[in-house]
Amino acid sequence: MASWMIHLRVAQGIYEKLNLPEKEAFVMGNIAPDSGVPAEDGTGFVPDAAVSHFRTVDENGIKDVHEEQFVARYFTEEMRESYSERECAFYFGYLTHLLTDKHWASKIVYGAKENLSGLFEQDKASFWKTVKRDWYDLDFLYLKKYPEFEAFRIYEGIKEFKNIYLDFFGEDAFEQRKKFIVEFYRKGVEKVEERETYLSPEELDAFVELAVEKILKDYEE
C-alpha cells in the first residue's frame with residue numbers, strides 16, 4: 001500500500017527516536033511484508049496480501065489492515081520477552097509496516113479518492129495508475145535529493161537476511177525482494193524529472209511525521 005520509500009522513512013523516524021540497537025533487522029522488518037512473489041497467473045502475489053498483510057479489501061479497492069491478528073500470532077508480550085533483540089526488532093518492524101499501511105489508507109488513499117473523485121468514479125484502473133505513478137516519482141525525487149538517506153543505505157547494504165521468522169515466506173524471500181527494490185529505486189532516480197503531482201512533497205513529509213508519531217504512541221501504550 002504505502003511505497004517502500006515511505007516505509008523506510010517511517011522506519012528511520014522510529015529507530016532514531018527509540019535509539020533501536022538492531023537497525024538492520026528493524027529496517028528489513030519494515031519491508032518484509034512486501035516479499036511475496038508474483039503468482040503464475042499474474043493476478044497477484046504469493047502469499048496473498050490477505051496473508052502477508054493481515055488485511056481485507058472493500059468494494060472500492062480500499063484496504064484495511066488487521067494488525068491485531070499479527071500481534072496475537074507473533075508479537076504478544078510473552079513472545080517479546082522470549083525474543084532476542086534482533087527478533088524483536090524484526091517483528092516490530094513488520095508491525096510498523098502494517099500500521100504505516102493502515103495510516104496510509106486513512107490519510108493518503110482516501111485523500112486521493114476525494115481529490116481525484118471524478119477519475120475514481122469514471123475509471124478506477126486509471127485512478128490507481130495515476131496516484132501510484134505520483135507516489136513513486138515523489139519517492140525517486142526524495143532519494144535523488146537525499147542520496148545518503150540512511151534507512152535506504154542500511155537496507156541496500158544488507159548482505160544476508162534469511163527468513164527464520166515467518167512460515168508464509170520462503171527462506172530467501174527477503175533477500176530476493178531487496179534486489180528488486182534497490183534496482184527499482186536506483187533506476188527510477190536516474191530517470192525521474194520534476195513535474196506536477198496531485199500530492200506535494202510537503203504533504204508526504206507531513207504524513208511521515210504523523211505516522212511516526214502515531215506508531216510511537218501505539219508502541220508506548
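A residue is called buried here when its relative accessible area is under 20%. By that yardstick, helix 2 of this predicted model is mostly covered, with seven of its nine residues buried. The buried ones are Ala25, Phe26, Val27, Met28, Gly29, Asn30 and Ile31. Below is a quick tour of that helix, of helix 8 and the second largest pocket, and of a handful of single residues.

**Helix 2 and its cover**

- Helix 2 takes in residues 23–31.
- The cover over its buried residues includes helix 1 (4–18), helix 6 (85–115), helix 9 (150–157) and helix 10 (173–191).
- Going back along the chain, the loop between helix 1 and helix 2 is where you'll find Asn19, a residue we come back to further down.

**Helix 8**

- Helix 8 has 22 residues, and its first and last C-alpha atoms are 32 Å apart, close to the 32 Å expected at 1.5 Å a residue.
- At the start of the helix, Asp123 has a side-chain oxygen within 3.2 Å of the backbone nitrogen of Ala125.
- Its buried residues include the aromatics Phe127, Trp128, Trp135, Phe140 and Tyr142.
- Asp134, Asp137 and Asp139 are also among the buried residues of helix 8, as are Val131, Leu138 and Leu143.
- The packing partners of these buried residues are helix 1, helix 6, helix 7 (117–122), helix 9, helix 10 and helix 11.

**The second largest pocket**

- This pocket holds about 400 Å³ of space.
- Its lining is made up of 18 residues, and the ones nearest its centre are Leu138, Leu141, Tyr142, Lys145 and Pro201.
- Which helix gives the most to the lining of the second largest pocket? That's helix 8, with seven residues.
- Helix 8 (124–145) and helix 11 (201–220) each put at least two residues into the lining.
- By character, the lining splits into nine charged, seven nonpolar and two polar residues.
- Leu138 and Tyr142 turn up twice in this story: they lie among the residues nearest the pocket centre, and they are also among the buried residues of helix 8.

**Arg9, a buried charged residue**

- Arg9 lies in helix 1.
- Is Arg9 buried or exposed? Its relative accessibility is 9%, so Arg9 counts as buried.
- The side chains of Arg9 and Asp205 are joined by a polar contact of 2.5 Å.
- Beyond residues up to four places away in sequence, Arg9 touches Tyr142, Phe149, Leu204, Asp205 and Val208.
- Tyr142 in that list is also one of the residues nearest the centre of the second largest pocket.

**Ile108 and its distant partners**

- Ile108 is part of helix 6, and because its relative accessibility is 7%, it counts as buried.
- Ile108 and Leu204 sit 96 residues apart in sequence, yet their C-alpha atoms are 8.7 Å apart in space.
- Setting aside neighbours within four places in sequence, the contacts of Ile108 are His103, Trp135, Tyr198, Leu199 and Phe207.
- Trp135 in that set is one of the buried residues of helix 8.

**Ser52 and Pro47**

- Ser52 belongs to helix 3 (residues 49–52).
- With a relative accessible area of 3%, Ser52 is buried.
- The Ser52 side chain reaches the backbone oxygen of Pro33 at 3.5 Å.
- Ser52 touches Pro33, Pro47, Tyr94, Leu98, Phe168 and Phe169, leaving out residues up to four places away in sequence.
- Pro47 lies in the loop between strand 2 (45–46) and helix 3.
- The peptide bond joining Val46 and Pro47 is cis, with omega about 0°.

**Backbone oddities**

- Most residues other than glycine have a negative phi, and most peptide bonds are trans.
- Asn19 has a phi near 55°, a positive value in a residue that isn't glycine.
- Phe54 also isn't a glycine, and its phi is positive at about 50°.
- Where does Phe54 lie? It is in the loop between helix 3 and strand 3 (55–57).
- As for burial, Asn19 counts as exposed because its relative accessibility is 63%, whereas Phe54 counts as buried because its relative accessibility is 6%.

Conventions. Residues numbered from 1 in each chain as written. Predicted model: local features only at pLDDT ≥ 70, side-chain atom pairs only at ≥ 80, totals over all residues. Heavy atoms only, no water. 1 Å grid on protein atoms, 1.4 Å probe; cavity = no way out; pocket = protein on both sides within 12 Å on 5 of 7 lines; lining within 4 Å. Points joined across faces, edges and corners; volume = space filled by probe spheres on them. Helix = DSSP H or I, 4+ residues; strand = E, 2+ residues; numbered from the N terminus. Nonpolar A, V, L, I, M, F, W, Y, C, P; charged D, E, K, R; others polar. Buried < 20%, exposed > 50% of the residue type's maximum accessible area, 1.4 Å probe, protein only. Contact = heavy atoms within 4.5 Å. Expected span 1.5 Å × (residues − 1). Polar contact = N/O pair within 3.5 Å; in protein donor to acceptor, adjacent residues only side chain to side chain.
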